[in-house]
Structures are given as C-alpha cells and as structure tokens.
Amino acid sequence: MATFEEYKLAADAAHNLEGLRRDMRSNANGYIRDLNNRSLTELATVMTQDANEYLRRIGWVTRLTGDATLRAKLVNGLTALGLTVTEGQNSVAELRTAAQNLRDVVKTTSLDITAAANAVLAAVSSHETVW
Amino acid sequence: MAWDKGFNFRTTPSYVTDGPDETYVAEDIYPVTRNGVTFGWSSTISDRDRDSTVDRRLAGLTQRTNDGNTETFRVDLEAADTYDITLALGDTGFLQGYQYCNFQDDTTVFQTIDDTNGTAVDNYDDATGVNRTEANWPTQNVKYTRIFTSAIFRCRIGSPVSQANSSTIAHLFLSRISAEEELNTAMLTGVGR
C-alpha cells in the first residue's frame, strides 16, 4: 500500500525519465536536421547545454534515490504502480551515460556533430508512445 | 557561453522558422528539454497558428481564457543571475479585451502586466506593459531586467478573476547577462547594480 505522496513521486520520476528519453532522441534527430541551417558553433553550444539539462533532470531522480527516506517513498510508489526499482536504475544509467558522452565529446565539425547525435540515438533506446 | 533562450508560442512547429536561440512552444507540458533549456506549461493549454507572414515571433500564440483560472509557463534558468526578459503579449488575429501576465522568480512575483483594456488586433504588450503595434514591437519593445535569486522563471497568464476574452502570449525571450557585461555597463554608465 502506498500513499498519494509516494505514488506522485514515483509517477513523476517515471514520467520525467520517459520524457527525457523522448527529448534526447528528438533533439539528436534535430541536431542532424539543423546542420543545414545553424552554425556549427551554435549547434555545439546547444548540444552541450542540452546535455547539462539532461543531467539536471536525471539529478531530480537521483536526489530521491540518494536519500534513505525519499528512496523508501519512491520504492513504495513504484511498487504500487507495478514498476521495479531496477528498471528505474537501468534507465537512469542509460540516459546518464549518453548525456555525459554528449556533453564531453568533441563537437567541432559536422562529422563530429553527426557522430555525437547518432551516438545518442544508438545509446538511448526508443520507447513506444500512444501518440 | 551565452545563455539566450527564446520561446515562440504556436501550434505547428514548422509553421514559421525560428530564429537563432529560439524554439517553438506547442502545448509543451513541463518538463521538456529543447534548444538547451528545460521548460513547459503547468498543464494542457491551447495554442494557435495565426499568420505566418508576420514577424516569426508573433506568428502564433498560447491562450488562457480569462475565466479566473491561470496557467504557468516555467523556464529553468542556467543559474540564479541577472536576466533580460522580452515579452509579446497579444494577438495578430483578434482583439483581446483583457491581458494579464505576471513574472515570478520561483514563487516571488516581480512584475505584473494587468492590461484592463486589452490589446487590439496586431498589438502587443511588451515586458514593461507598454502597448506596441505589431510593426513597432520588434524595434521598440522594452526588456525587463531582473536579478534572479532562484534559477526558476515562471510566467503566469490569465486574469485572476473573470474578464473578457483571453490572455495571449506570442513570444518570450530570456537572456542571461554576464557579471562581466554588467560591470562594463556599470563602468560606462556609472550605474551600479
């Protein structure tokens, strides 16, 4: 049995991770598309800023898992939703690695940018959506 | 690294081409990350494509019926610092009898535009609440400068009590002013923070 607070924490965490996955893949496709109409410097700057934003959003979830009280609430909420902590942890690891790589990779040439975008698409799996 | 983030509110992303440092907002619910910034509305809200031949920033809008309920658009800033805020509150297609918008530093309201006679067709309130025609807004709109104590900007639209028509936001732009730039301005003008 979970409380409304625990349910909300779990639902928001899952919603954030799934939304982040959507944004990371959508933006990666956008970088490749924008090679024709934005300067390389602009694109590289936005890619790094995006990566930092991704890590900020992952930080919202790891704040919950890093605190014993919050973690217990999150686990209760996830359990009530029929979700596992392991899936959440795997998702965080998958997204964090891709975000860190995007932040740190060299993004100087169009080939660099294409490679960085494709690396995100390869590392972050696509999930089915209703619409 | 400059932090300049513009938001053009409309329905269809491809309706017009956004300028540098800008992205569209099409009923995006917070949190969405695009163009190096995380942003979004507090809940579902309606938007419109109006006219693709006008300035791209004024081509569409997001509207909140002035029925006493409000919606909030949140932007996660890079950090607490000084930012310039640019706004276009109006409609290129219809008269709006009342326009209401406020700016918040997280939950602290620091600017309110309470335009009791609203905006005519092709007219926009800028960030200081001054009405500009569509032709004049691009060159004459005045920015509002705020030293943020938080890293969260909120823009709330919709009249707090029932009024005519809708509050309509077409464009919002946030630009971080670096400490160095502020210092240079202060040295040149003799005006401190």
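Between chain A and chain B, the count of salt bridges is zero. I start there, and I should say at once that this is a predicted model.

What joins the two chains, then? In polar contact there are 10 residue pairs between chain A and chain B, counting those where both residues have pLDDT 80 or more. The side of chain A that touches chain B draws on two helices: α1, residues 4-33, and α2, residues 40-65, each supply at least two residues. Of these, α2 of chain A gives the most, with 11 residues.

Now the extent of the contact. Chain A puts in 17 residues and chain B puts in 18 residues. Together the two chains bury about 1300 Å², and 46% of that is on carbon and sulfur atoms. Which residues of chain A lose the most area to chain B? They are A:Gln49, A:Glu53 and A:Arg56, which together account for 35% of what the chain A side buries.

That is the interface. Next, the aromatic residues.

Over all chains, the structure holds 15 aromatic pairs. Take B:Phe9 and B:Phe73: this pair is edge-to-face, with 5.0 Å from centre to centre and 70 degrees between the planes. B:Phe9 sits in strand β1 of chain B, residues 4-9, and B:Phe73 in strand β7, residues 71-76, so the pair ties together parts 64 residues apart in sequence. Are these two rings buried or exposed? B:Phe9 has a relative accessibility of 1% and counts as buried. B:Phe73 is buried too, at 0%.

A further pair is B:Phe110 with B:Phe148. Their ring centres are 5.5 Å apart and their planes stand at 85 degrees; the cut-off for edge-to-face is over 60, so this pair is edge-to-face. Here too the pair links distant parts of the chain, 38 residues apart. B:Phe110 belongs to strand β10 of chain B, residues 108-115, while B:Phe148 is in the loop between β13 (144-147) and β14 (152-157). Both B:Phe110 and B:Phe148 are buried.

B:Phe110 and B:Phe148 also belong to a cluster linked by ring pairs. Its other members are B:Trp3, B:Tyr83, B:Phe103, B:Tyr144 and B:Phe153.

One last contact in chain B involves a ring and a charge. The charged end of B:Arg34 sits over the ring of B:Tyr24, at 3.8 Å from the ring centre.

To recap: chain A and chain B have zero salt bridges between them, but 10 residue pairs in polar contact at pLDDT 80 or more.

Definitions and conventions: Residues are numbered from 1 along each chain as its sequence is written. Chains are lettered from A and ligands numbered from 1 in the order in which they are written. This is a predicted model: local features need pLDDT of at least 70, side-chain atom pairs count only at pLDDT 80 or more; totals for chains, interfaces and linings use all residues. Side-chain values use heavy atoms; hydrogens and water are left out. Rings of Phe, Tyr and Trp (its six-membered ring) pair if their centres lie within 6.5 Å; planes under 30 degrees apart count as stacked, over 60 as edge-to-face and the rest as tilted. Helices (H or I, at least four residues) and strands (E, at least two) are DSSP runs, numbered from the N terminus. Buried means under 20% relative accessible area, exposed over 50%, partly exposed in between (1.4 Å probe, protein chains only). A charge sits over a ring if NZ of Lys or CZ of Arg is within 6 Å of the ring centre and within 35 degrees of the ring normal. Contact means heavy atoms within 4.5 Å. Buried area is the accessible area (1.4 Å probe) that two parts lose on being put together, summed over both. A salt bridge is a side-chain nitrogen of Lys or Arg within 4 Å of a carboxyl oxygen of Asp or Glu. A polar contact is a pair of N or O atoms within 3.5 Å; within protein, one must be able to donate a hydrogen and the other to accept it, and residues adjacent in sequence count only if both atoms are side-chain atoms.
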